[in-house]
Amino acid sequence: MENSKKLSERLIENSKVFYDGARDHIFVEEMVNGTLDKEKFKKYLIQDYVFIKSFVHLVSYILAYSETMYQKYRFSKFLSMITSDENGYFIRSFEELNVPFEVYNNTELSPVMEKFLKVINKGIELGKENPSRGYRNCLAILMCAESVYCDWGVKNKDKAPKEYYFNEWINLHNNDDFIALVKWLKEEVDNIEFSNIEEEKEMEEFFEETCKLEIAFFDESYQNI
């Protein structure tokens, strides 16, 4: 019998243990409640900021190989948000956390984020001879990352820790525009067509690996300073 579930639903369901592990991580729980050690959040935020260039590269690749002008508009709009609103959040948060420009501008990627970069580069590399292959695998990475953050953001929409850097990070991931973006990303995933079962399996592997890396990043950030 034909699977009635959408591809986006199957990806999440097949990686449920890891997906839920990232969404419900102790790091997130303490952050939304305002009890997270600010040194842990500082370490996390610096790495996330350093990683932005790689993330922008990922979205840019997807934008380049998307087919319609509407797709390109949506991905361009997302890039604009990352490099404006989200970037502004980082800069203000670094000021409140007393992180000097020299630190957040010159820090190298952590071991986990290096692994994340390798997964992105692998997705892009696989698309050199077949752009549609690179597109769908990179889209799996993007949908996973944004969906996990949207889910914990919406789950904790009523939380309002007093610290700007906690509260605004929650708001950035549960506002209407971000929810609409994630819904659209899932629809884009659902529109993917496969030539064989191996293609779907490969996309599932990229999705699951991204889930695992999200957990690993939270673990790494939560470790004692």
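## The cavity and its lining

A cavity is a set of grid points where a 1.4 Å probe fits but cannot get out, and its lining residues have an atom within 4 Å of a point. In this predicted model, 19 residues line the largest cavity. Of these, Asp48, Phe55, Glu86, Glu146 and Tyr149 lie nearest its centre. A search of the whole structure finds one cavity of 30 Å³ or more, and the space within the largest cavity amounts to about 260 Å³.

The elements that give two or more residues to this lining are α4, α5, α7 (111–125), α8 (131–155) and α11 (197–222). Helix α5 supplies the largest share, five residues. By residue class, the lining of the largest cavity comprises 14 nonpolar residues, one polar residue and four charged residues.

## Phe55 and the pairing of α4 with α5

The structure holds 30 aromatic pairs. One of them joins Phe55 to Phe78 in an edge-to-face arrangement, with 6.3 Å from centre to centre and 85° between the planes. Phe55 belongs to helix α4 (residues 38–65) and Phe78 to helix α5 (residues 69–96), so this pair ties together parts that are 23 residues apart in sequence.

Both rings belong to buried residues: Phe55 has a relative accessibility of 15%, and Phe78 has a relative accessible area of 5%. Phe55 is also among the residues nearest the centre of the largest cavity.

## The surroundings of Ile82

Ile82 lies in helix α5. With a relative accessible area of 3%, Ile82 counts as buried because the cut-off for burial is under 20%. Leaving aside residues up to four places away in sequence, Ile82 touches Ile52, Phe55, Val56, Val59 and Asn87. Phe55 therefore both touches Ile82 and forms the aromatic pair with Phe78 that ties parts of α4 and α5 together.

The distance from Ile82 to Trp169 was also computed. The C-alpha atoms of these two residues are separated by 13 Å, and the residues stand 87 places apart along the chain.

## The loop after α5 and helix α6

Asn98 is found in the loop between α5 and α6. Although Asn98 is not a glycine, it has a positive phi of about 60°. Asn98 is exposed, with a relative accessible area of 61%.

In helix α6 (residues 101–106), Phe101 and Tyr104 are three residues apart and hence separated by about one helical turn. How do the two residues stand in accessibility, buried or partly exposed? Phe101 is partly exposed, at a relative accessible area of 45%, whereas Tyr104 is buried, at 10% relative accessibility.

## Charged ends over aromatic rings

Two contacts of another kind involve a charged end and a ring. The charged end of Lys40 sits over the ring of Tyr222, at 3.8 Å from the centre of that ring. Lys40 falls within the residue range of helix α4 (residues 38–65), and Tyr222 within that of helix α11 (197–222).

The charged end of Arg92 sits over the ring of Tyr164, at 3.9 Å from the ring centre. Arg92 falls within the residue range of helix α5 (residues 69–96), the helix that also holds Phe78 and Ile82.

Conventions: Residues numbered from 1 in each chain as written. Predicted model: local features only at pLDDT ≥ 70, side-chain atom pairs only at ≥ 80, totals over all residues. Heavy atoms only, no water. Phe/Tyr/Trp six-rings, centres within 6.5 Å; stacked < 30°, edge-to-face > 60°. Helix = DSSP H or I, 4+ residues; strand = E, 2+ residues; numbered from the N terminus. Buried < 20%, exposed > 50% of the residue type's maximum accessible area, 1.4 Å probe, protein only. Lys NZ or Arg CZ within 6 Å of the ring centre and 35° of its normal. Contact = heavy atoms within 4.5 Å. 1 Å grid on protein atoms, 1.4 Å probe; cavity = no way out; pocket = protein on both sides within 12 Å on 5 of 7 lines; lining within 4 Å. Points joined across faces, edges and corners; volume = space filled by probe spheres on them. Nonpolar A, V, L, I, M, F, W, Y, C, P; charged D, E, K, R; others polar.
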